[in-house]
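Reader: Hello! I'm new to this structure and would love a close look at a single part of it. Could you pick one spot and walk me through what surrounds it?

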Amino acid sequence: MNQCAVCDKTTGLLNCSACHGIAYCGKEHQRAHWAVHKPTCQLLAAAAPKGYHKIITTPGTGKLPRKKATVFVNYKGYFPSGKVFDQSKGEPLSFQLNKREVIRGWDEAVATMKVGEKATFYIKPEYAYGATGSPPAIPPNQPLIFDVEMVKFT
């Protein structure tokens, strides 16, 4: 949210009034960009009740991971603007569920995935990096989107 989604202006920015996940330099640019941003904004708003919203893009097979399983995932993380801020490179990322090794939205959403499943997570700031963010890459109060694939779990 460091620049307007329409013109790249970096001063006098306003966050999207609905999801707060994208910035505009004024109401005119917000209205002009609404058709592009509306689907993402609605999915971020749907995350409100539990902190994240998960859409399965490819179903997986088998059982769900155990409560303390070590999971292996491929992922790409990006802002509502579409700008990528992180992704797995070559090897899957591994972490143990329910150990707070990753953001809360991941802990909870990955626990609902089967092997081979691919999903998109729309995560509210409170279930991501919250009010502090993760400088310099992730600003405070930033909703995040992740494409995640469950490779395996042990």
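**A close look at F146**

Author: Happily! Let's start at F146 in this predicted model. Leaving aside its neighbours within four places in sequence, F146 is in contact with Y75, K76, G77, F85, I103, W106, A119, T120, F121 and I123.

Some of those names come up again when we look at the nonpolar residues. The largest nonpolar core has 25 residues, and those touching the most other members are F95, W106, V110, F121, I123, F146 and V148. At least two residues of this core come from each of β4 (70-78), α2 (104-110), β7 (118-123) and β8 (144-153). The largest share, 4 residues, is supplied by β8. A second, separate core has 9 residues, among them C16, I22, C41 and Y122. In soluble globular proteins, nonpolar side chains tend to be buried together.

Now let's step back to the whole chain. Its 2 helices and 8 strands follow one another in the pattern β-β-α-β-β-β-β-α-β-β. The radius of gyration is 16 Å, close to the 15 Å that the globule rule gives for 154 residues, so the chain is as compact as a globular protein of that length. Along its principal axes, the C-alpha trace spans about 50 × 30 × 30 Å.

Two percentages help to place F146 in this wider setting. Of the 154 residues in the chain, 39% are buried. Among contacts with a separation of 6 or more, 59% are between residues 24 or more positions apart.

Finally, a glance at the outside: the accessible surface comes to about 8300 Å², and carbon and sulfur atoms account for 52% of it.

Conventions. Residues are numbered from 1 along each chain as its sequence is written. This is a predicted model: local features need pLDDT of at least 70, side-chain atom pairs count only at pLDDT 80 or more; totals for chains, interfaces and linings use all residues. Side-chain values use heavy atoms; hydrogens and water are left out. The radius of gyration is taken over C-alpha atoms; the globule rule is 2.2 Å times the number of residues to the power 0.38. Buried means under 20% relative accessible area, exposed over 50%, partly exposed in between (1.4 Å probe, protein chains only). Contact means heavy atoms within 4.5 Å. Accessible areas come from the Shrake-Rupley method with a 1.4 Å probe; for residues, only the protein chains shown count as cover. A nonpolar core is a set of buried Ala, Val, Leu, Ile, Met, Phe, Trp, Tyr and Cys residues joined through side-chain atoms within 4.5 Å.
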